[in-house]
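Me: I am new to this structure and would like to go through it in questions and answers. Please show it, and then we can begin with one helix.

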Amino acid sequence: MELEKSVRQSDAVTSTSFQDRLLAGLYGHAAGRLLLRPLVSPRFSRAGGYLLGSRLSALAVKPFARVNHISLSDCRKQSFSSFNDFFTRELVPEARPVCQEKDAWISPCDARMSVWPVTLEGRFRIKQTEYTMESLLRNEKLARRYLDGTLWLYRLCVDDYHRYIYPESGVKSENIHIPGIFHTVNPVANDQYPIYKENTREYCLIQTEHFGTVLMMEVGAMLVGKIENRHPDRRRVERGQEKGNFAFGGSTIVLLTQKGCVTPDEIFVENTVHGLETKVKMGQRVGCAVQGKDEAL
């Protein structure tokens with residue numbers, strides 16, 4: 001356990017990349033925010049998606065993989081028809097083993113992770129910005145289900161694997177789509193805009209045996225014109241089953257768990273309190289069950 005804890009502490013990250021500095025310049029100054037207006041529109045994301053879906057864009061794959069230390073040997077295929085074909089690549093199963101411990105709560109994706117408590121009033125704070133459950137979900141009745149629960153935030157950067165899985169087995173609801181715009185999900189944007197109530201997003205509920213009724217939400221971001229979920233309808237799903245993928249860009253997955261259902265592993269709470277995100281991999285244990293709930297969707 002001590003070795004596991006030290007490894008996870010070494011994965012705590014702060015934002016220092018060129019991309020982070022560029023976005024800080026845009027979002028941190030009035031002139032930069034004026035330039036952002038066309039960039040956050042759905043039309044800009046669609047245009048970017050078209051460009052990155054072209055055959056010419058495939059020339060960028062190998063330089064991008066080299067700069068970001070991405071191993072193509074983990075991919076099911078090594079040749080790509082476009083940059084977006086590479087970006088939405090599928091890995092071989094052994095590259096992302098899924099923890100199968102019965103009471104383990106797992107990460108649905110590769111990401112920078114943080115965990116945030118939800119108050120009895122349904123409020124939560126991400127960095128310096130306060131939100132409410134109702135503004136996030138646009139559903140007052142559903143928001144009440146997650147009062148005093150936990151919000152798990154998984155922020156994907158461009159160098160992360162952009163497919164994601166169901167964190168637990170259960171019965172999922174139909175998907176609910178909330179239209180919006182496409183701010184970057186970089187923390188510097190969150191300091192200026194309430195991105196998690198403005199950005200396009202889609203969610204479903206998963207009724208589980210060990211973790212209560214889990215809400216899983218995908219949040220689109222700048223240059224991510226599509227959230228590509230596999231299963232729009234109500235159905236049985238399994239832990240580790242692929243749920244979908246994002247197209248090119250940064251993006252976020254939000255999980256909501258109910259009061260008394262899931263406990264985050266201590267290191268993730270500590271890092272969040274100190275203003276740090278923690279790098280996690282798809283299928284990795286990040287918490288454990290406290291008790292199950294048997295609620296209908």
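Me: Which exposed residues does the face of α11 turned away from its buried side carry?
Reply: The model is a predicted one. Exposed here stands for a relative accessible area over 50%. On the face of α11 turned away from the buried side, the exposed residues are E266 and V273.

Me: Within what arc do the buried residues of α11 fall, seen down its axis?
Reply: Helix α11 covers residues 266-273, and its buried residues are I267, F268, N271 and T272. Seen down the axis, these buried residues line one face of the helix, because they fall within an arc of 135 degrees.

Me: Why can residues three or four places apart point the same way in an α-helix?
Reply: The spacing along the helix sets the direction in which each residue points. Residues three or four places apart point the same way because an α-helix has 3.6 residues a turn.

Me: Which residue just after α11 takes a positive phi?
Reply: Helix α11 ends at residue 273. Just after the helix, a positive phi of about 80 degrees is taken by G275.

Me: How many helices and strands does the chain have?
Reply: The chain has 297 residues, and buried residues make up 52% of them. Its accessible surface comes to about 14,000 Å², with 54% belonging to carbon and sulfur atoms. The secondary structure comes to 11 helices and 18 strands.

Me: Among contacts between residues at least 6 apart in sequence, what share joins residues at least 24 apart?
Reply: A contact requires heavy atoms within 4.5 Å. Of the contacts between residues at least 6 apart in sequence, the share that joins residues at least 24 apart is 77%.

Me: Which strands stand at the edges of the sheet β2-β18-β16?
Reply: This open sheet has three strands in antiparallel pairing, in the order β2-β18-β16. An edge strand has a single partner, so one side of it is left without a neighbour in the sheet; the two edge strands are β2 (104-106) and β16 (262-264).

Me: By how many degrees are neighbouring strands of this sheet turned against each other on average?
Reply: The order of the strands is β2-β18-β16, with antiparallel pairing. With direction ignored, the average turn between neighbouring strands is 40 degrees.

Me: Which residue in β18 does T263 stand opposite?
Reply: Strand β18 spans residues 285-289 and runs antiparallel to β16, with three bridges between them. Opposite T263 in β18 stands C288.

Me: How many residues of β14 are buried?
Reply: Buried requires a relative accessible area under 20%. Strand β14 takes in residues 242-246 and is mostly covered. Of its five residues, the number buried is four.

Me: Which strands stand at the edges of the sheet that holds β14?
Reply: The order of this open, antiparallel sheet of three strands is β7-β14-β12. Each edge strand has a single partner, so one side is left without a neighbour in the sheet; the edge strands are β7 and β12. In this sheet the twist from one strand to the next averages 20 degrees. To name the edges again, they are β7 and β12.

Me: Which residues in β14 stand opposite I165 and I227?
Reply: Strand β7 (residues 163-165) pairs with β14 over three antiparallel bridges. Strand β12 (residues 227-229) also has three bridges to β14 and runs antiparallel to it. Opposite I165 stands E242, and opposite I227 stands F246.

Me: Is the aromatic pair of F80 and F86 stacked or edge-to-face?
Reply: The structure holds eight aromatic pairs. In the pair of F80 and F86, the centres are 5.4 Å apart and the planes stand at 75 degrees, which is edge-to-face. Both residues are buried. Ring pairs link F64, F80, F83 and F86 into a cluster, and the F80 and F86 pair is edge-to-face.

Me: What is the angle between the planes of F124 and Y131?
Reply: F124 is buried, with a relative accessible area of 2%, and Y131 is buried at 1%. Their rings form a stacked pair, 5.4 Å centre to centre, and the angle between the planes is 15 degrees.

Me: What distance separates the C-alpha atoms of A111 and H162?
Reply: A111 lies in strand β3 (residues 111-117) and is buried, with a relative accessible area of 2%. The residues A111 touches include Y154, D160 and V280. A111 and H162 are 51 residues apart along the chain, and their C-alpha atoms are separated by 9.0 Å.

Methods:
Residues are numbered from 1 along each chain as its sequence is written. This is a predicted model: local features need pLDDT of at least 70, side-chain atom pairs count only at pLDDT 80 or more; totals for chains, interfaces and linings use all residues. Side-chain values use heavy atoms; hydrogens and water are left out. Buried means under 20% relative accessible area, exposed over 50%, partly exposed in between (1.4 Å probe, protein chains only). Accessible areas come from the Shrake-Rupley method with a 1.4 Å probe; for residues, only the protein chains shown count as cover. Two strands pair if DSSP finds at least two bridges between them. Axes are lines fitted to C-alpha atoms, for helices over the stretch in contact, and angles run from 0 to 180 degrees between N-to-C directions. The arc is that of the directions from the helix axis to the C-beta atoms. Rings of Phe, Tyr and Trp (its six-membered ring) pair if their centres lie within 6.5 Å; planes under 30 degrees apart count as stacked, over 60 as edge-to-face and the rest as tilted.
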